[in-house]
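I opened the model today and kept notes as I went. The entries follow in the order I looked things up.

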Amino acid sequence: TQKDLIIRGTGGSRPVMVADGKSAEGKAIWVVRGGKVRIENIEFRGAQVADRNGAGIRFETGSLTVTNSAFFDNEMGIMTGNKPELSLEVIDSEFADAPHTRNDYHHLIYVGSIGKFVLRGSRFQNGFYGHLVKTRARESHILYNMLVDGSGGHASYELEFANGGIAYVIGNSIGQSVQTENSSIVVYGSEGRRWPDNVLFMAHNTLLNDAPGGSFVNVRGDKMGPDVEVWLLNNLTVGNGDLFKPAQGRFTGNQHIGRGE
């Protein structure tokens, strides 16, 4: 019922919320419904529920900011509802260690059809079967993060904009492991259009591929149509794979080097 609430972990170490087989409402360790909520310096571990999408945090109404927090070994790290009035901001946080099961897709963050999603200064690694970050938001800002699955990771996509929208991908390191479930690293529009405005801006990112081949960026024109504007500017691609020039937009300043160079 709170309209302006801050929950902050204090003391010498970060407080840890361990699920231990329990959940709120069969959904998550914490379920957030409110106005403006901010969560700082909390760790969430081990969320599992009957529907196989147990989250560290399930976010359902209002606006939520999560900062300096951590999510490990959850079926979903953060999972949101599908209301366009929702907004989520995640800052300086860590997500890792998806459960090693194939009974569902365990994404480290799963953002539904909300209005705005901001991810900044955060680290993702050790996915399994699901994606590191999946978003359906109308507007997504992916800024200065490390989304690198790592040598022990087994994720599918590292970053997916499932329904397009307005996407900014600036200054990130994004890499897939040799054991990836899918050869594409960044995927846009794989499940078709949902929003009226659809454009992908990617600039000043390092895209790393340890797999034998694949696509650094895969824009699904077959699902989204031919009119999606794509700007790929000053990105560095490392390892095997292709960075395709978009049909519409800008493509300049991109460089490629081999994995050992």
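In which loop does Ser156 lie? I found Ser156 in the loop between strand S15 (146-148) and strand S16 (159-161).

**Ground rules.** I am reading a predicted model, where local features need pLDDT of at least 70, side-chain atom pairs count only at pLDDT 80 or more, and totals for chains, interfaces and linings use all residues. Residues are numbered from 1 along each chain as its sequence is written, and side-chain values use heavy atoms, with hydrogens and water left out. Helices (H or I, at least four residues) and strands (E, at least two) are DSSP runs, numbered from the N terminus.

**Ser156.** Is Ser156 buried or exposed? I noted 8% relative accessibility for Ser156, so it counts as buried. The cut-offs are under 20% relative accessible area for buried, over 50% for exposed, and partly exposed in between, with a 1.4 Å probe and protein chains only. I then listed the contacts of Ser156 (heavy atoms within 4.5 Å). Leaving aside neighbours within four places in sequence, Ser156 touches Tyr129, Gly130 and His131. Gln176, Thr180, Glu181, Asn182 and Ser184 are also in contact with Ser156. I checked one longer span as well: the C-alpha atoms of Ser156 and Met224 are separated by 21 Å, and the two residues are 68 apart along the chain.

**Whole protein.** I counted secondary structure next. The protein has one helix and 27 strands. Its C-alpha atoms fill a box of roughly 50 × 40 × 35 Å along the principal axes. The radius of gyration is 18 Å, which agrees with the value near 18 Å for a compact globule of 261 residues. That radius is taken over C-alpha atoms, and the globule rule is 2.2 Å times the number of residues to the power 0.38. Buried residues are 53% of the 261. Of the contacts between residues at least 6 apart in sequence, 70% join residues at least 24 apart.

**Surface and charge.** I get about 11100 Å² of exposed area, with carbon and sulfur atoms supplying 46% of it. The areas come from the Shrake-Rupley method with a 1.4 Å probe; for residues, only the protein chains shown count as cover. I also located the charges. The 26 positive and 28 negative charges have mean positions 4 Å apart. Lys and Arg count as positive, Asp and Glu as negative; His and the chain ends are not counted. Each charge is placed at NZ of Lys, CZ of Arg, CG of Asp or CD of Glu.

**Strand S20.** How many of the five residues of strand S20 (residues 199-203) are buried? Four of the five are, so S20 is largely enclosed by the rest of the structure. I traced its partners, where two strands pair if DSSP finds at least two bridges between them. Strand S17 (residues 166-170) runs parallel to S20 over five bridges. Leu200 in S20 is the bridge partner of Ala167. Strand S23 (residues 229-233) also pairs with S20 in the parallel sense, over five bridges. There, Val199 stands opposite Glu229.

**Strand S7.** Five of the five residues of S7 are buried, so this strand is largely enclosed by the rest of the structure. Strand S5 (residues 55-67) pairs with S7 in the parallel sense over four bridges, and Met76 in S7 is the bridge partner of Ala55. I then followed S7 to S10: parallel again, over two bridges. Ile78 has Ile109 in S10 as its bridge partner.

**Positive phi.** Most residues other than glycine have a negative phi. I looked up two with a positive value. Phi of Asp73 is near 60 degrees. Asp73 sits in the loop between strand S6 (70-72) and strand S7 (76-80), and 34% relative accessibility makes it partly exposed. Asp97 has a phi of about 65 degrees. Its loop runs between strand S9 (94-96) and strand S10 (109-111). Asp97 is partly exposed at 33%.

**Ala247.** Last entry: Ala247 is in the loop between strand S25 (242-243) and strand S26 (249-252). It counts as exposed, at 83% relative accessibility. The C-alpha atoms of Ala247 and Tyr110 are 29 Å apart, with their positions 137 residues apart along the chain.
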